Amino acid sequence: MTMDAAAALDIDPLLDDPKTRIVVCCGSGGVGKTTTAAALGLRAAERGRKVVVLTIDPARRLAQSMGIDSLDNTPRRVKDVEGDGELHAMMLDMKRTFDEIVEAHADPERSRAILSNPFYQSLSAGFAGTQEYMAMEKLGQLRARDEWDLIVVDTPPSRSALDFLDAPKRLGSFLDGKFIRMLMAPAKMGGRAGMKFLNVGMSMMTGTLGKLLGGQLLRDVQTFVAAMDTMFGGFRTRADATYRLLQAPGTAFLVVAVPERDALREAAYFVERLAADSMPLAGLVLNRVHGSGAARLSAERSLAAAEHLEEGHQEEQPPEEGPGENLVDGGIVDQRYGKAEDRGTGGSSPEAPSPTGPGDGSPEDGVSVDRLTAGLLRLHAERMQVLAREQRTRDRFTALHPEVPVAEVAALPGDVHDLAGLRAIGERLAAQEESAGAL
């Protein structure tokens, strides 16, 4: 592939710049965000920075690649990192992060009441938007500690890459919204007059909600709200603060995609959204790009050559022999060697030397070479068709967003499972100038 339509993304200056404090890898699911984040973190560490990689990928591939038995909510040092830097890695535990927020902002008695509340347990384990909100919370916590030179974030896998930006505000709005305030109203009004004023309306509301949610769930929600009363404003405040952190000059977004239509369409949406929200985009990482060492041989010429070889082979085929013509005195003629083998009496061995045996330029050898060559030509034609399709898809993206620098990573024959593989990806990411003309 060529990179004429867009500038090459220069990774090393981005990672080396001490002003770069946060790199966010975002994109749709299954495009290699986790591997990209890990490779960037390793490369930055081996170039002298103190790095922590925060992953939200439940597949735990990052832990395996970094030789760590398990990742959890605490950063762990990665061994065997070359150079003067340090690499730490962690996996977001969204429930534990939520628990930490409760424990940090409520007294012990209230914390116990909240943590044991059934509605809280459901909310912290899987409420829509909780994972994205907690990823933002954890990012804010890591940045506030100021312990690392660089934080690399692998965003949550989701149907839409935009969820990472939208969900925290949605959850913050819910926790600080009208529904919660309405449930808190009776306790806040206080006094007989207030309760008498709200009695009819609240009984109607709680009766309706009780039918929708179930009476026990409604009581759990109201207990949760009462216990969390002093904390609700903090959720929205922290979400807004982290959102501003993502807009700051020290943050760089990398949109990760593969050269497929749906993935690049999602990448284009994300690029436009980042621009609309004034968030700093560094560029696009295009993973699993196919290449060929014989790109000058087109798919059309390959197919034509394959057809020519196959047609020539068909013309040279001898006429089919009738049934029984291969039988010789109770034996069977081995047509490959032109000899008779008597299965019952130990006749001539097929391994016996033959003046027309394989490897001496016999017609049979020529036929097999032609077949093999035709098959390879067809495989090459398929590869060139894949390259052409990927190029068209990439060209559509760069036509819409020529201002976005692009780094291409060649498709690997297998999965990355160790530091050497991550190191190789980092090298490919950084070698865009050299590879631009070769892909």
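**Charges, bridges and buried residues**

Visitor: What is the relative accessible area of Asp-12?
Guide: This is a predicted model, and its areas are computed. Buried means under 20% relative accessible area. Asp-12 counts as buried, because its relative accessible area is 13%.

Visitor: Which residue does Asp-12 meet in a salt bridge?
Guide: The two side chains come to 3.4 Å, N to O. The partners are 35 residues apart, with Asp-12 in helix α1 and its partner in the loop between α2 and β2. That partner is partly exposed, at 40% relative accessibility. The residue is Arg-47.

Visitor: How many residues apart in sequence are the parts that Arg-21 and Asp-146 tie together?
Guide: Side chains of opposite charge can pair when their charged atoms come close. Arg-21 and Asp-146 do so in a salt bridge, with their closest N and O atoms 2.9 Å apart. Arg-21 sits in the loop between α1 and β1, and Asp-146 in the loop between α7 and β5, so the pair ties together parts whose separation in sequence is 125 residues.

Visitor: Where in the chain is the salt-bridge partner of Glu-46, Arg-423?
Guide: The side chains of Glu-46 and Arg-423 meet at 2.8 Å, N to O. Glu-46 is buried, at 18% relative accessibility. Glu-46 belongs to helix α2, and 377 residues separate it from Arg-423, which lies in helix α16.

Visitor: How many salt bridges are there in the whole structure?
Guide: Some residues are linked in a network of salt bridges, including Lys-95, Asp-99 and Lys-138. A search of the whole structure gives a total of 19.

Visitor: Is Arg-43 buried or exposed?
Guide: Arg-43 is part of helix α2. Its contacts include Asp-12 and Glu-427. Its relative accessibility is 19%, and the cut-off is under 20%. Therefore Arg-43 counts as buried.

Visitor: Which helix gives the most to the positive patch?
Guide: Arg-261, Arg-389, Arg-392 and Arg-396 gather in this surface patch. Arg-396 is partly exposed, with a relative accessible area of 47%. The helix that holds Arg-396 spans residues 363–400 and gives 3 residues to the patch. That helix is α15.

Visitor: What is the relative accessibility of Leu-246?
Guide: Leu-246 lies in helix α12. Among the residues it touches are Val-24, Phe-164, Leu-165 and Met-279. Leu-165 is 81 residues away along the chain, yet the two C-alpha atoms are separated by 9.6 Å. Leu-246 counts as buried because its relative accessibility is 0%.

Visitor: What percentage of the residues of the chain count as buried?
Guide: The chain has 17 helices and 11 strands. Its exposed area is about 22,700 Å². Of its 439 residues, the buried share is 44%.

Definitions and conventions. Residues numbered from 1 in each chain as written. Predicted model: local features only at pLDDT ≥ 70, side-chain atom pairs only at ≥ 80, totals over all residues. Heavy atoms only, no water. Patch = residues over 30% accessible without salt bridge, like charges linked within 9 Å, V, L, I, M, F, W, Y side chains within 5 Å. Areas by Shrake-Rupley, 256 points an atom, 1.4 Å probe, with all protein chains shown as cover. Salt bridge = Lys/Arg side-chain N within 4 Å of Asp/Glu carboxyl O. Lys, Arg positive; Asp, Glu negative; His and termini not counted. Charge placed at Lys NZ, Arg CZ, Asp CG, Glu CD. Helix = DSSP H or I, 4+ residues; strand = E, 2+ residues; numbered from the N terminus. Buried < 20%, exposed > 50% of the residue type's maximum accessible area, 1.4 Å probe, protein only. Contact = heavy atoms within 4.5 Å. Lists of a residue's contacts leave out its neighbours within four places in sequence.
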